[in-house]
Amino acid sequence: MHLGGVRTALYAYLFAKQQGGQFILRIEDTDQVRLVPGATEVIYDTLREMGLNWDEGPDVGGPVGPYIQSQRRDTYLPYAKQLVQSGHAYYCFCTKEELDERRAACEARGETFKYDKHCLHLSPEEVQRRLDAGEPWVIRMNAPTEGESSYHDIVFGDMTFQNAEALDDMVLIKQDGMPTYNFANVIDDHLMGITHVMRGTEYLSSTPRYNFLYRALGWEIPQYIHLPPVMRDEHHKLSKRDGDAYYSDFIDKGYLKDALVNYLALVGWNPGNDREFFTLPELVEAFDVSRITKSPGIFDVKKLTWFNAEYIRRMSPEDYLAAVTPWFDKTLEGVKIDYVRLAQLMQDRTEIFSQVPDMVRFLKDMPDYDLELYTHKKMKTNPEISLQALDMLRPVLEGIPEADWLEQTIHDRLMAAIAERGMKNGQALWPLRIAISGLQSTPGGAVEIAYLLGKTRTLARLDQAAERLRSALA
Ligand code: ZN
């Protein structure tokens, strides 16, 4: 699901729940050509994962079902016929070839093609004759060509459009008997008792078409809440190619759905104060349609990442461990590592889970590193001092029995040896950490890393590091 659609669903849910209304899921699949296999499942899964549980819908049922438009196909034609009766619609027998020809002629004159009401002028007898003869037909809306249409939008205020520009004789029923998206939408919104329509601003200018149909059928027009788009910045849309357009893009990168829901709510809406953190029920409480912005909502990945890091910090250690384990497995699968301890060390350092595999990879594979890392002014170390420290610490570590290879023991033994030699802690522990991690920055220090690696691998890495320093210094 595109983030724009996800946010529309979120706002619709928040508004419905806050007003004590029902949140209804309806699948609009009348355009069979554009159907994408599996797309419906993605909608179900995404909304459920976000916690946007629908009160009525395809799988849960409800009083105004079925909730899948292709299962309602017999619903629409009687309304279209009613509109033909009242003069608001008419049968059209123009073939695709005829339409193409007229379109081409129109474009050659530099005009944009609009259906020219050709078939509106057929006599009732001729229409009947051609229907009886089994000629293919569609039903078109008989749109006014003069005057203007106005309506009120809750976000954008009073909107007025010239009928000649906003309306055309759009098809209501297609040749295959299926309603068009536009027509089915109006019929179902009415039959399902939809009171508020929330959708993107691209529909602002097509709303007069819907209103024409509501009026022609004698139905009450719903309240409109058009939402500004979700953009990457003022000039750029979210793009599929850059991998930042879909809900699943962010879940796959290891963003938490709660952080994503929280942040998305704030893209195009604000609570009117400084508050930033909201659970879904808190959003229901705080949401106010009058605070939806008219300007595009900017989806700032940096800000989302900040939210995500905050959410991770607030997780219980157990929840964090469960969430991070699959990411540990990506690089550490098969390596004997205390995940519980590693998770403790990683939780505050995690902004998004996809960064985790690279951050813990050193526990499996010793990275290449520059001997320059042993030079550290503040720690007062250099390669010579480092080599001395490693040589001094090796027997200390070797003397710890395998069964006692615990952080407390490692710590106490190392500190005692360092004190005995009169070294500064940094002069010994800095080189040790470089020697066994190869990294300038790690989750935990030398003691924690030695513990995580285990005795054998710690000593092997230490030996290799000392060897490298010895030959470099020789
Ligand atoms: Zn026609």
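Are Tyr-151 and Phe-161 buried or exposed? Both Tyr-151 and Phe-161 are buried, and the two residues offer a convenient entry to this structure, which is a predicted model.

**Aromatic contacts**

Tyr-151 and Phe-161 form a stacked aromatic pair, with 6.4 Å from centre to centre and 10° between the planes. Since Tyr-151 belongs to strand E3 (residues 148–153) and Phe-161 to strand E4 (residues 157–162), the pair ties together parts that are ten residues apart in sequence. Tyr-151 also takes part in an edge-to-face pair with Tyr-224, where the centres are 5.5 Å apart and the planes meet at 70°. Here the partners come from strand E3 and from strand E7 (residues 223–227), so that this contact ties together parts 73 residues apart in sequence. Tyr-151 has a relative accessible area of 8%, and because buried means under 20%, Tyr-151 counts as buried; Tyr-224, with a relative accessible area of 2%, is likewise buried.

A search of the whole structure finds 22 aromatic pairs. Elsewhere in the chain, one aromatic cluster is formed by Phe-250, Tyr-255, Tyr-263, Phe-277, Phe-299, Trp-306, Phe-307 and Tyr-311.

**The zinc site and its surroundings**

The zinc ion is coordinated at 2.0 to 2.3 Å by the SG atoms of Cys-92, Cys-94 and Cys-119 together with the OH atom of Tyr-115. The angles among these four donor atoms run from 99 to 121°, and the site is tetrahedral. For comparison, the ideal angle at a metal with four tetrahedral donors is 109.5 degrees. Along the sequence, the donor residues follow the spacing C-x1-C-x20-Y-x3-C. Within this set, Cys-94 and Tyr-115 link distant parts of the chain, being 21 residues apart: Cys-94 lies in the loop between strand E1 (89–92) and helix H4 (96–108), whereas Tyr-115 lies in the loop between H4 and helix H5 (124–132). Cys-94 and Tyr-115 are both buried.

Besides its role as a zinc donor through OH, Tyr-115 has the charged end of Arg-140 over its ring, 3.7 Å from the ring centre. A contact of this kind also involves Arg-468, which lies over the face of Tyr-369 at 4.7 Å from the ring centre.

The loop between H4 and H5 also contains Lys-117, a residue that has a positive phi of about 60° although it is not a glycine. Lys-117 counts as buried because its relative accessibility is 13%.

**Salt bridges**

Side chains of opposite charge can pair when their charged atoms come close. The structure holds 26 salt bridges, including the three listed here.

| Salt bridge | N to O distance |
|---|---|
| Asp-59 and Arg-48 | 2.4 Å |
| Arg-129 and Glu-126 | 3.5 Å |
| Glu-310 and Arg-314 | 3.7 Å |

The salt bridge of Asp-59 with Arg-48 links distant parts of the chain, since Asp-59 lies in the loop between helix H2 (39–50) and helix H3 (73–85) while Arg-48 lies in helix H2, eleven residues apart. Asp-59 counts as partly exposed at 41% relative accessibility, and Arg-48 is partly exposed as well, with a relative accessible area of 38%.

Arg-129 and Glu-126 lie three residues apart in helix H5, so they are separated by about one helical turn. Arg-129 is partly exposed, with a relative accessible area of 48%, and Glu-126 counts as partly exposed at 27% relative accessibility. In the bridge of Glu-310 with Arg-314, Glu-310 is buried with a relative accessible area of 17%, whereas Arg-314 counts as exposed at 53% relative accessibility. Salt bridges that share partners also join Glu-126, Arg-129, Arg-130 and Glu-135 into one network.

**Backbone features**

The peptide bond from Gly-65 to Pro-66 is cis, with omega near -5°. Pro-66 lies in the loop between H2 and H3, the loop in which Asp-59 is also found.

Lys-380 has a positive phi of about 55° although it is not a glycine. Its place is in the loop between helix H15 (356–360) and helix H16 (383–398), and at 49% relative accessibility Lys-380 counts as partly exposed.

Definitions and conventions
Residues are numbered from 1 along each chain as its sequence is written. This is a predicted model: local features need pLDDT of at least 70, side-chain atom pairs count only at pLDDT 80 or more; totals for chains, interfaces and linings use all residues. Side-chain values use heavy atoms; hydrogens and water are left out. Donors are N, O and S atoms within 2.8 Å of the metal (3.2 Å for Na, K and Ca); water is not among the atoms, so sites may look incomplete. Four donors count as tetrahedral if all angles lie between 85 and 135 degrees; four count as square planar and six as octahedral if opposite donors are over 155 degrees apart and all others between 65 and 115; anything else is irregular. Helices (H or I, at least four residues) and strands (E, at least two) are DSSP runs, numbered from the N terminus. Buried means under 20% relative accessible area, exposed over 50%, partly exposed in between (1.4 Å probe, protein chains only). Rings of Phe, Tyr and Trp (its six-membered ring) pair if their centres lie within 6.5 Å; planes under 30 degrees apart count as stacked, over 60 as edge-to-face and the rest as tilted. A charge sits over a ring if NZ of Lys or CZ of Arg is within 6 Å of the ring centre and within 35 degrees of the ring normal. A salt bridge is a side-chain nitrogen of Lys or Arg within 4 Å of a carboxyl oxygen of Asp or Glu.
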